[in-house]
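Work through the exercises below with the coordinates open. Each task is followed by a solution in steps.

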Number of protein chains: 2
Amino acid sequence: MKKIEVCLSPELLRHYEVAHKTVVVIDILRATSCIVTALAHGIEKVVPVAEIEECRAYQAQGYLTAAERNGDHVEGFDFGNSPLAYLDTDLKGRKLAMTTSNGTLALTMAKKMGAGQIVVGAFLNRSALLQYLRDHAREVLLLCAGWKGRVNLEDSVFAGNVLDELLDKFQFSDDACGLARSAYYLGKKNPTRFLADSSHFQRLKERGAMADIDFCLTPDQYDLVPVLQGEALVRLD
Amino acid sequence: MKKIEVCLSPELLRHYEVAHKTVVVIDILRATSCIVTALAHGIEKVVPVAEIEECRAYQAQGYLTAAERNGDHVEGFDFGNSPLAYLDTDLKGRKLAMTTSNGTLALTMAKKMGAGQIVVGAFLNRSALLQYLRDHAREVLLLCAGWKGRVNLEDSVFAGNVLDELLDKFQFSDDACGLARSAYYLGKKNPTRFLADSSHFQRLKERGAMADIDFCLTPDQYDLVPVLQGEALVRLD
């Protein structure tokens with residue numbers, strides 16, 4: 001059986017072999033939810049960048065831009081990190097450059113470390129991701145973006161959900177799988193309640209972003225998997 | 001209420017404030033289980049050191065020495081990393097210097113980062129540790145030693161056990177608490193079975209150290225808390 005592992009924080013990524021693996025980057029609240037939503041609503045490609053200045057450079061090339069730090073929309077960019085912002089906008093054929101506190105950092109780190117393939121996971125595209133991993137993936141590393149180096153609960157719970165669904169096809173080969181799967185198990189009856197005390201849930205709730213949270217925790221809305229090709233994430237239907 | 005947090009790997013320790021906290025170092029298989037056992041059986045103090053050569057230097061000063069790497073007893077030292085080795089030996093008043101792959105590294109790292117206080121936890125001294133944290137501790141950080149930077153399941157489960165017992169006195173202030181507690185919950189009916197597929201359990205079992213595992217998972221055997229005073233861990237009854 002193929003192996004599957006979980007890395008609970010990008011800071012632990014250097015302990016994992018990534019060269020021949022499909023790395024699934026997970027930042028439920030909210031970067032990977034945004035990427036899935038943006039591509040589902042017409043954006044042609046999303047370029048994840050680590051720094052604000054890199055993102056700004058794409059503006060001059062006609063890209064739409066999204067920038068978030070510490071949960072806030074950075075001034076001077078079209079979008080912050082709310083997936084809802086992509087719902088009502090005419091985005092067909094537009095290109096988007098995006099930088100966030102954790103998610104795009106995890107993406108660029110996985111790329112820098114030479115991951116065999118990089119895809120994006122969120123509750124929003126869960127079924128499509130699972131189907132893709134079952135049918136096409138090599139060995140898999142689920143990379144949780146966390147929060148500034150610390151682990152977080154919502155990314156871990158989603159990783160646990162993926163693990164649980166892939167039990168028949170993959171062999172768990174890392175103790176972090178046990179942690180993620182335990183959290184998924186305990187929370188699966190009511191994920192929103194299970195996550196209610198978690199740190200970024202609380203942070204976003206205080207900022208009035210409860211609608212974002214509800215949206216990001218809704219599974220199976222979009223039938224696509226964002227895949228990194230060169231510098232950009234594009235949709236794989 | 002006082003706060004309690006969990007750091008799942010020493011490599012994430014830099015994200016935690018430790019200066020005013022009681023840091024509980026946890027390496028169930030097997031360093032902190034060894035430290036508790038050695039102090040319970042007459043060892044006067046245990047000096048944890050990060051490097052093999054430092055440990056060797058203590059031999060010249062009349063110390064007993066324990067050294068382990070990758071699960072194996074390092075040649076030329078009195079002990080490896082089996083707590084059972086301390087049961088039948090006349091250790092009264094002797095001093096011990098110890099170096100292991102993960103546990104002593106976590107101890108020395110917590111010290112280097114200026115932890116307010118450092119104590120040692122294991123299933124073997126669980127009740128004594130809980131009593132101490134309830135009565136005397138400041139805010140608490142549970143530091144799991146893990147395995148070479150990766151998280152591991154047995155340390156996380158023990159951290160979850162501690163969290164669960166301290167719910168009435170402490171406020172969880174970190175998402176890692178949710179992960180550790182979930183794993184404890186799912187495993188508590190039969191910890192040995194729950195941990196049977198975990199990485200270091202498997203590693204030790206292959207080395208024929210099942211008796212070590214059984215011993216290390218036995219709760220409440222010794223009524224003492226090892227506390228770091230200067231360079232050495234001493235027992236606090």
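**Exercise 1. A nonpolar patch**

Which helices each supply at least two residues of the nonpolar patch?

Solution. The model is predicted, and totals for interfaces use all residues.
- Step 1: list the members. The patch is made by A:Y185, A:L186, B:Y185 and B:L186, and its area is about 330 Å².
- Step 2: assign them to elements. At least two patch residues come from each of α6 (175-187) of chain A and α6 (175-187) of chain B.
- Step 3: check one member. B:L186 sits in helix α6 of chain B. Its relative accessible area is 36%, so B:L186 is partly exposed, and a patch residue needs over 30%.

**Exercise 2. Salt bridges between separate parts of a chain**

Determine how many salt bridges the whole structure holds, then place A:R30–A:D212, A:D72–A:R207 and B:D164–B:R181 in their elements.

Solution.
- Step 1: count. Over all chains, the search finds 22 salt bridges.
- Step 2: take A:R30 and A:D212, whose closest N and O atoms are 2.7 Å apart. A:R30 is in the loop between β2 and α1 of chain A, A:D212 is in helix α9 (residues 210-216) of chain A, and the two are 182 residues apart. Both A:R30 and A:D212 are buried.
- Step 3: take A:D72 and A:R207, with closest N and O atoms 2.9 Å apart. A:D72 belongs to strand β5 (residues 72-73) of chain A and A:R207 to the loop between α8 (199-206) and α9 of chain A, so this bridge ties together parts 135 residues apart in sequence. A:D72 is partly exposed at 38% relative accessibility, and A:R207 is partly exposed at 37%.
- Step 4: take B:D164 and B:R181, again with a closest N to O distance of 2.9 Å. B:D164 is in helix α5 of chain B and B:R181 in helix α6 of chain B, so the bridge ties together parts 17 residues apart in sequence. B:D164 has a relative accessible area of 17% and is therefore buried, whereas B:R181, at 22%, counts as partly exposed. The cut-off for buried is under 20%.
- Step 5: look for shared partners. A:E5, A:K21, A:D174 and B:R150 are joined into one network by salt bridges that share partners.

**Exercise 3. The surroundings of B:D212**

Is B:D212 buried or exposed, and which residues is it in contact with?

Solution.
- Step 1: locate the residue. B:D212 is in helix α9 (residues 210-216) of chain B.
- Step 2: read the accessibility. With a relative accessible area of 5%, B:D212 is buried.
- Step 3: list the contacts. Neighbours within four places in sequence aside, B:D212 is in contact with B:R30, B:N81, B:S82, B:P83 and B:L84.
- Step 4: find the polar contact. The side chains of B:D212 and B:S82 make one at 2.9 Å.

**Exercise 4. Backbone angles**

Find the cis peptide bonds at A:R30 and B:R30, and say what phi is at B:N70 and B:K148.

Solution.
- Step 1: recall the background. Most residues other than glycine have a negative phi, and most peptide bonds are trans.
- Step 2: inspect omega. The bond joining A:L29 and A:R30 is cis, with omega about 15°. From B:L29 to B:R30 the bond is also cis, with omega near 10°.
- Step 3: place these residues. A:R30 is in the loop between β2 (21-26) and α1 (31-40) of chain A, and B:R30 is in the loop between β2 (21-26) and α1 (31-40) of chain B.
- Step 4: inspect phi. B:N70 has a positive phi near 55° and lies in the loop between β4 (64-69) and β5 (72-73) of chain B. B:K148, not a glycine, has a positive phi of about 50° and is in the loop between β8 (139-144) and α5 (153-165) of chain B.
- Step 5: add accessibility. B:N70 is partly exposed at 35%, and B:K148 is partly exposed at 42%.

**Exercise 5. One face of a helix**

Which residues of helix α3 of chain A are buried, and where do they fall around the axis?

Solution.
- Step 1: list them. In α3 (residues 103-112) of chain A, the buried residues are A:G103, A:T104, A:A106, A:L107 and A:A110.
- Step 2: look down the axis. The buried residues of α3(A) fall within an arc of 160°, so they line one face of the helix.
- Step 3: look past the end. A:G114 follows α3(A) and has a positive phi, near 80°.

Definitions and conventions
Residues numbered from 1 in each chain as written. Chains lettered and ligands numbered in written order. Predicted model: local features only at pLDDT ≥ 70, side-chain atom pairs only at ≥ 80, totals over all residues. Heavy atoms only, no water. Patch = residues over 30% accessible without salt bridge, like charges linked within 9 Å, V, L, I, M, F, W, Y side chains within 5 Å. Areas by Shrake-Rupley, 256 points an atom, 1.4 Å probe, with all protein chains shown as cover. Salt bridge = Lys/Arg side-chain N within 4 Å of Asp/Glu carboxyl O. Helix = DSSP H or I, 4+ residues; strand = E, 2+ residues; numbered from the N terminus. Buried < 20%, exposed > 50% of the residue type's maximum accessible area, 1.4 Å probe, protein only. Polar contact = N/O pair within 3.5 Å; in protein donor to acceptor, adjacent residues only side chain to side chain. Contact = heavy atoms within 4.5 Å. Arc of directions from axis to C-beta.
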